[in-house]
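Visitor: I'd like to walk through this one with you and ask why things get the labels they get.

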Amino acid sequence: WPKWQRDLRNSGWTPAVGPDRLRIKWKHPYFGQSAEPGVAIGPEGELYVSWHIFGQPVCQMNLGEESWRWGFVSSVTPDGDVSWFKPVRDLCFSFPTLAQPDAVYVVDGEYSFQLSRSHVYAFTRNALTSWGPRQYSQSPDYTYGYLAVGQDGTLYYPERSTLYAINPSDGSLKWQRSTAGDWIFRQCPSIGEDGTVYVAHGARSQVPAELWALDPQNGSLRWKVADPQTGTNTSGTSIGLDGTIYLTFRRREENLLTAVSPDGEVLWQTALAGSPDYAPSIDSRGRLYLCTLSETTFGTLLESYGRGGEQRWVVSIHGSGGHGSNPVVIDGRDDLYVNTPDYQVTETNKLMSFTSGGDLRWEFTSSLWLENQAPVIGPDGTIYLMIEETPEDGLMHLYAFGPGEAPDPAWVGRLKP
């Protein structure tokens, strides 16, 4: 699982098979005060986590430089032992990204208050610094995008309204492309089989949201698709097995799941039941899945659509007070895994699994705080998730779940017979 939503298509699908039942294999007791994006998994099952801490814990770590916040990237063995950790300058909200033969990329940046610029770093898997920090934006913007790595190793880094293409050898800039809109936000560029880079940007009030297809060599625009309405937002892109590009246009009155051909033709649009934050995940048969937020009940919905845009089913996960911002993860049997934190009632945080037909396989309701991220699945089927055990101080723990019963009393499991 080397990057956000695993592959170049951002499908969220893995050939590994997740567990039919859960047990806690291990947990690492301390990973700072946030690790929102999640965990990347290397070729030998090793884990990479980006995280950060605030205030007094920074001083206690004696890092040799005064700061009220600090970010880190850590390597963890499949058994839960920390191999190494490296500090970076600022908060880490971006998913660690791995590339062959030996690279670990991470982005830092304070996004909440726009107090600092973001930086990109390259480490090796044995903790050596290859290059970085590299800063590409000249304005104090923040980042919440995820790195993608092209077939030739080029890094694609979205920061607010600009996409940067970066040389992997030294971090130098190959090209950059700025949008007329505002956000390339909370998304990872998707990359087609021919190397085309797809990125969607949300909009300022006077311009439409657009999907762009970019030439990987120089960033030139091959084609674009614009929503007819202005002030529309988007949720990133994913690519189907046949090369179809999927995204959503979030309008004031409706949310449209949209399919676009590799040459820029809109194939179909269908109205979603809720409001999405991410592009759909895609299973081995090309079927689409999204978590959305109901705009009437404010509950979380899990929705599925066929390759032609027909609605297959909709399942309500949280009746109210949920949050639909996490992408769906899919295993080799096309079973679905969803983490749904509730930001109003902590006792209803859920880690759930469904069949591709929408039937509940198992559900774990936790009094622990499930951070705003999707779970990831290791090559042996282990599920990894960052969990906040003490909301008062915000300390994060890395959990590994394997097959079996769940012994921890903080987890109350309800398994479908």
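Guide: Here is a chat about how the labels were earned, starting with the ground rules. This is a predicted model, where local features need pLDDT of at least 70, side-chain atom pairs count only at pLDDT 80 or more, and totals for chains, interfaces and linings use all residues. Residues are numbered from 1 along each chain as its sequence is written, and side-chain values use heavy atoms, with hydrogens and water left out.

Visitor: What is the average pLDDT of the chain, and where does pLDDT stay under 50?
Guide: pLDDT is the predictor's confidence in each residue, from 0 to 100. The chain averages 82, and 78% of the residues score at least 70. Residues 56-68 stay under 50, with 15 contacts (heavy atoms within 4.5 Å) beyond four places in sequence. Residues 409-417 also stay under 50, and there the model has 31 such contacts.

Visitor: Why is strand 7 called largely enclosed?
Guide: Strands are DSSP runs of E, at least two residues, numbered from the N terminus. Buried means under 20% relative accessible area, exposed over 50%, partly exposed in between, with a 1.4 Å probe and protein chains only. In strand 7 (residues 103-108), 6 of the 6 residues are buried, so the rest of the structure largely encloses it.

Visitor: Which residues of strand 7 lie on each side?
Guide: In a regular strand the side chains alternate between the two faces of the sheet. Ala103, Tyr105 and Val107 are on one side and Val104, Val106 and Asp108 on the other, all of them buried, so both faces count as covered.

Visitor: What makes strand 6 and strand 7 a pair?
Guide: Two strands pair if DSSP finds at least two bridges between them. Strand 6 (residues 97-99) and strand 7 have 3 bridges in the antiparallel sense, and Thr97 has Tyr105 as its bridge partner. A hairpin through 3 residues joins the two strands. Strand 7 also pairs with strand 8 (residues 119-124), again antiparallel, over 6 bridges; there Ala103 is partnered by Thr124.

Visitor: Why are strand 10 and strand 13 described as standing at the edges?
Guide: They belong to an open sheet of 4 strands in the order 10-11-12-13, with antiparallel pairing. Strand 10 (148-149) and strand 13 (173-178) each have a single partner strand, so one side of each has no neighbour in the sheet. Strand 10 and strand 11 (residues 155-159) share 2 bridges, which meets the pairing rule of at least two. Ala148 is bridged to Tyr156.

Visitor: Which residues touch the most other members of the largest nonpolar core?
Guide: A nonpolar core is a set of buried Ala, Val, Leu, Ile, Met, Phe, Trp, Tyr and Cys residues joined through side-chain atoms within 4.5 Å. In the largest, of 58 residues, they are Leu47, Tyr156, Tyr384, Leu398 and Phe401. Another core, of 14 residues, lies apart and includes Val149, Leu155, Tyr157 and Ile166.

Visitor: How do you know that Asp331 has no salt bridge?
Guide: A salt bridge is a side-chain nitrogen of Lys or Arg within 4 Å of a carboxyl oxygen of Asp or Glu. Lys and Arg count as positive and Asp and Glu as negative, while His and the chain ends are not counted. For the buried Asp331, the nearest side chain of opposite charge, Arg333, is 4.1 Å away, so the cut-off of 4 Å is missed. Asp331 sits in the loop between strand 28 (329-330) and strand 29 (336-340).
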